Amino acid sequence: MPDVFVNYRTGDEESAATMIARELSRRFGPERIFFASNSIEAGRRFPVELVRAVEECEALLAVIGPRWAEVRGVDGRPALEAEQDWTRREIHTALDRGILVIPVLVGKATRIAPAALPDDLRELADCQYRRFDHRNAESDLTALGDTLARLLPELGTVDRDARAARERAKVKSRKKSAQGVGHTRMRTRDVRGGIGNLNGDLSGTFVNEPQGPVNTGQGHQYNAPHFEGDNTGVQFTAGDNSGTVHQRFERERRRSGDGR
């Protein structure tokens, strides 16, 4: 059974009605949207199928363009005045059932005054409408679909756009988590066996497997004393702000007269 019945008048914005039906069918599935030229199979009885669909739907979109009330029938009179006019009968049935009826005003169409409507359609003038403009077709179709998905829970469960948005969010979340794990592994690998200062964003100074004394803080670099020696002497290395001085001290035996 269709959830949404797309009602329109031949001679007034059929192209807009076609675009609306096509987009809603893409988003929610063609079986959920009734559009007479697409939904009635060959050989089926047109009047019977129309009545059945409008009696079973959950919402009716009344697509109304600037000429909606002016289109004339074969007798030369405004088609809206004829009780057997299918556009009028479909809207009347929906209003009589108390289902959701949403006028969709196309282009420069304005809200229809109650006085311009037959008595059985007067309630249509009180229904809150949505707009559709060919210049803003994409955004207007999205807004209309969002409205239906919110108001009809059954449509919300099969909303392909909402499902695609959730999948994109999951992929983005997985990528973000993977990046975080990569940073954590890098910190663990690089810090092992080294010294230095690392901030949370990996900025700072770090030396892996240092050989000899290293200053990783702020300010000038100083070399701490380093001694090398054998039986003959000692190698001393010291640093200051101007450079490095090497001094070699030979061990001297100072004899004090006792032979040492």
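Biologist: How many salt bridges does the structure hold?
Modeller: This is a predicted model, where local features need pLDDT of at least 70, side-chain atom pairs count only at pLDDT 80 or more, and totals for chains, interfaces and linings use all residues. Residues are numbered from 1 along each chain as its sequence is written, and side-chain values use heavy atoms, leaving out hydrogens and water. With a salt bridge taken as a side-chain nitrogen of Lys or Arg within 4 Å of a carboxyl oxygen of Asp or Glu, the structure's total is 14.

Biologist: Okay, which residue forms a salt bridge with Arg 52?
Modeller: Look in helix H3, residues 46–56 (helices are DSSP runs of H or I, at least four residues; strands are runs of E, at least two; both are numbered from the N terminus). The partner sits 4 residues from Arg 52 in H3, so about one helical turn separates the two. Their closest N and O atoms are 3.0 Å apart, and the partner is Glu 56.

Biologist: Which strands stand at the edges of the sheet?
Modeller: The open sheet has 5 parallel strands, in the order S2-S1-S3-S4-S5 (strands pair if DSSP finds at least two bridges between them). An edge strand has a single partner, so one of its sides has no neighbour in the sheet. That fits S2 (33–34) and S5 (130–132).

Biologist: And which residue stands opposite Phe 5?
Modeller: S1 (residues 4–7) pairs with S3 (residues 59–64) in the parallel sense, over 4 bridges. So we look in S3 for the residue facing Phe 5, and there we find Leu 60.
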